[in-house]
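I'm opening a fresh page for this one. My plan is to start with the overall layout, then look up a helix pair, some charged pairs and one loop residue.

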Amino acid sequence: MSENKTGKYLKYAIGEIFLVMIGILLALQVNNWNEERKRQSIKGAYKRALMKDLQKDINQLQRDIDTTLWDLENCRVIGEKITKNIFDFDSLMKIYRTEFHFFIYADRNFNRNTIEALLATGNIDLFEDTLYDDLMRFNNLQKEVVSKIETELGFYMNYLTQSKLPQIDKVSMIQGENLDRIWSFVDKNEFAISFNSVLNSKSIVNINNLANRRKLLEETRTLLKVVSQFE
């Protein structure tokens, strides 16, 4: 300082501080870059998993719709056959035993692993607000459809139980002549009324389930398209 070197020391100190600040900023930038890369990697993994789940749901829903349509057609054919022919209890009972399908196909186990993981971990925030809203809306619709299918199935099963109709031959553990003997004890008048009611209730349940599945299928396809275009 006595030799008037103060200015040089100040410049040196400022230079050192500047270099330290540059280093810190670079380190922060590299850290931010790494965090963003990790974030994009996680988001990409979720995107791929979500697309895979949605495609599985589309395939499953289409199979469910095809099965429901087949069952509806089977009920229609049975009803038409009974309507056009002279009413005969033995023929009616044979149709029920061999052509009617006792149960309703009601698959409601969708591929929800990715959506549930996104919600449970909070990683759904990785996505933009528009996609976040779409995912939440789809999640609610999917749960709503599952609830409706279960309600419709419960309605049909209660109706079936109250009707006291025997199970069809295909699901009976007893076969052959002894099964024929069991059917001989069935009250024919009560059976005819019950069969008609169950046939109608099954058709109504299938129509409702068909509408719910078609709505969900349309929304699933739309969401898959949105997710596939998301960066």
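**Overall layout**

I started at the N terminus and read off the elements of the protein chain, which run α-α-α-α-α-α. The tally for the protein chain is 6 helices and 0 strands. I'm noting here that this is a predicted model.

Next I looked up burial: of the 231 residues in the protein chain, 34% count as buried. Then I checked how far apart in sequence the contacting residues are. Taking the contacts in the protein chain with a separation of 6 or more, I found that 88% come from residues 24 or more positions apart.

**Helix pair α2 and α6**

How do α2 and α6 pack, and at what angle? I have α2 as residues 89–98 and α6 as residues 188–229, and they pack at about 50° with their axes 11 Å apart. Angles from 35 to 65 degrees fall in the oblique class, so I'm writing α2 and α6 down as oblique to each other. I also looked up the handedness: α2 passes α6 in a left-handed crossing.

Which residues meet there? On the α2 side I listed F89, D90, L92, M93 and Y96. On the α6 side they meet K188, N189, F191, A192 and F195. Sorting the residues of this α2 and α6 contact by kind gave me 7 nonpolar, 1 polar and 2 charged.

**Charged pairs**

Side chains of opposite charge can pair when their charged atoms come close. With that in mind I looked up the salt bridges, and the structure holds 9 of them. I went through three, as follows.

- E73 and R76 join their side chains in a salt bridge, at 2.7 Å from N to O. Both sit in helix α1 (residues 6–84), and because they are 3 residues apart, about one helical turn separates them. I checked exposure too: E73 is partly exposed at a relative accessible area of 39%, and R76 is partly exposed at 40%.
- E80 and K84 also make a salt bridge through their side chains, this one at 3.8 Å from N to O. They lie in helix α1, 4 residues apart, which I noted as about one turn of the helix. E80 is partly exposed, with a relative accessible area of 36%, while K84 counts as exposed at 65% relative accessibility.
- D134 forms a salt bridge with R137, and their closest N and O atoms are 2.4 Å apart. I placed both in helix α4 (residues 129–163), 3 residues apart, or about one turn of the helix. D134 is partly exposed, with a relative accessible area of 22%.

I also looked up whether any of these join up. E73, R76, E80 and K84 are linked in a network of salt bridges.

**A loop residue, I104**

Last, I picked I104, which I found in the loop between α2 and α3 (113–121). Is I104 buried or exposed? I104 has a relative accessible area of 10%, and the cut-off for buried is under 20%, so I104 goes down as buried.

What does I104 touch? Leaving out residues up to four places away in sequence, I listed L153, Y156, K202, V205, N206 and N209. I also looked up I104 against T68: they are 36 residues apart in sequence and 8.2 Å apart in space, C-alpha to C-alpha.

Definitions and conventions
Residues numbered from 1 in each chain as written. Predicted model: local features only at pLDDT ≥ 70, side-chain atom pairs only at ≥ 80, totals over all residues. Heavy atoms only, no water. Axes fitted to C-alpha atoms, helices over the stretch in contact; angles between N-to-C directions. Helix = DSSP H or I, 4+ residues; strand = E, 2+ residues; numbered from the N terminus. Parallel < 35°, antiparallel > 145°, perpendicular 65-115°, else oblique. Left-handed = near helix turned anticlockwise from the far one by under 90°. Contact = heavy atoms within 4.5 Å. Nonpolar A, V, L, I, M, F, W, Y, C, P; charged D, E, K, R; others polar. Salt bridge = Lys/Arg side-chain N within 4 Å of Asp/Glu carboxyl O. Buried < 20%, exposed > 50% of the residue type's maximum accessible area, 1.4 Å probe, protein only.
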